[in-house]
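Biologist: I am new to this structure and would like a close look at a single part of it. Please begin with one side chain, and then work outwards until I can see how its surroundings belong to the rest of the chain.

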Amino acid sequence: MIVVRRGRPRDQARRMTEIDDVFRALLASRGAIAPQRQGRWRPPIEMYESEGDLVVNAEIGGIARDELDVVIEGDLLVISGVRPDRGPCGRRVYHEARIPYGEFGAEVTLPFAVDSDNAEATFDNGLLRVVLPRLRGRTIVPRAPHDTSAPESE
């Protein structure tokens, strides 16, 4: 058997990404994705625990701080905004297009209760970092029940 490869061989991770992109495009074109979600893209997210904190990082380059919203709603961290297309207007001929523009959003389910009052968010060089302190439970010491019966007098 003779195998002829034309062009450079592609690595497995890139091939899987391309297959995922085609699959999502097919689903969107057939209406399998909810209409309110069409056209909305999700930034890459990583979430991990450090000592006492939950850290959520989102890669969102090409936007300003005022185009980004970060909200904690119950057990969800909601990141949303708009990345405008700042490219030149007019006719374009794309050879590769992997940078999504427009409305984006991500809903991250928080794995445990967090102290939203002490949460901190920083946005630097296209990386959003949200640090959510773990909410510590309170220890409740049970008291002895009160004796409501009056002592018998003799």
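**Arg134 and its surroundings**

Modeller: Arg134 has a relative accessible area of 29% and is therefore partly exposed, since that class covers values between the 20% limit for buried and the 50% limit for exposed. Please keep in mind throughout that this is a predicted model.

Two partners describe the place of this side chain. Towards one of them, Arg134 makes a salt bridge with Glu49, in which the closest N and O atoms are 2.9 Å apart. Because Arg134 belongs to the segment after β7 (127-133) while Glu49 belongs to strand β1, this salt bridge ties together parts of the chain that are 85 residues apart in sequence. Towards the other partner, Arg134 lies over the face of Phe112, at 3.6 Å from the ring centre. As background, side chains of opposite charge can pair when their charged atoms come close.

To see what lies between the two ends of that salt bridge, it helps to follow the strands. β1 pairs with β2 in the antiparallel sense over six bridges, and one example is Met47, whose bridge partner in β2 is Val56. The two strands form a hairpin with two residues between them, and Gly52 in this turn has a positive phi of about 80°. Strand β2 (residues 53-59) is mostly covered, with five of its seven residues buried. β2 also pairs with β7, again antiparallel, through seven bridges, and here Leu54 has Leu132 of β7 as its bridge partner. Taken as a path, then, β1 is paired with β2 and β2 with β7, while the salt bridge between Glu49 and Arg134 joins β1 to the segment that comes after β7.

With that part in view, we can place it in the whole. The protein has one helix and seven strands, which follow one another from the N terminus as α-β-β-β-β-β-β-β. Of its 154 residues, 20% count as buried. Among the contacts with a separation of 6 or more, 56% are between residues 24 or more positions apart, and the link between Arg134 and Glu49, at 85 residues, is one that spans such a distance along the chain. The accessible surface comes to about 12,600 Å², and carbon and sulfur atoms account for 51% of it.

The salt bridge we began with is one of four in the structure, and another offers a useful parallel. Glu103 and Arg40 form a salt bridge whose closest N and O atoms are 3.8 Å apart. This pair, too, links distant parts of the chain, with Glu103 in strand β5 (residues 102-109) and Arg40 in the loop between α1 (12-29) and β1 (45-50), 63 residues apart. Their C-alpha atoms are separated by 5.1 Å. Both side chains are partly exposed, Glu103 at 45% relative accessibility and Arg40 at 25%. Beyond its neighbours within four places in sequence, Arg40 is in contact with Ile79, Ser80, Glu103, Phe104, Gly105 and Ala106.

Phe104, one of these contacts, leads to the one aromatic pair found in the whole structure. In that pair Trp41 and Phe104 are tilted, with 5.0 Å from centre to centre and 40° between the planes. Trp41 sits in the loop between α1 and β1 and Phe104 in strand β5, again 63 residues apart. Trp41 and Phe104 are both buried, whereas Arg40 is partly exposed.

A further salt bridge joins the side chains of Arg92 and Asp85, with 3.1 Å from N to O, and here Arg92 is partly exposed at 30% relative accessible area, as is Asp85 at 36%. Arg134 also has a counterpart in how it meets a ring, for the charged end of Arg83 sits over the ring of Tyr101, 5.9 Å from its centre.

Arg83 brings us to a second hairpin, since strand β4 covers residues 76-83 and is joined antiparallel to strand β3 (residues 68-73) by six bridges. Within this pairing Ile72 has Leu77 as its partner in β4. β3 and β4, like β1 and β2, have two residues between them, and in this turn Gly74 has a positive phi of about 65°.

Terms used
Residues are numbered from 1 along each chain as its sequence is written. This is a predicted model: local features need pLDDT of at least 70, side-chain atom pairs count only at pLDDT 80 or more; totals for chains, interfaces and linings use all residues. Side-chain values use heavy atoms; hydrogens and water are left out. Helices (H or I, at least four residues) and strands (E, at least two) are DSSP runs, numbered from the N terminus. Buried means under 20% relative accessible area, exposed over 50%, partly exposed in between (1.4 Å probe, protein chains only). Contact means heavy atoms within 4.5 Å. Accessible areas come from the Shrake-Rupley method with a 1.4 Å probe; for residues, only the protein chains shown count as cover. Rings of Phe, Tyr and Trp (its six-membered ring) pair if their centres lie within 6.5 Å; planes under 30 degrees apart count as stacked, over 60 as edge-to-face and the rest as tilted. A charge sits over a ring if NZ of Lys or CZ of Arg is within 6 Å of the ring centre and within 35 degrees of the ring normal. Two strands pair if DSSP finds at least two bridges between them.
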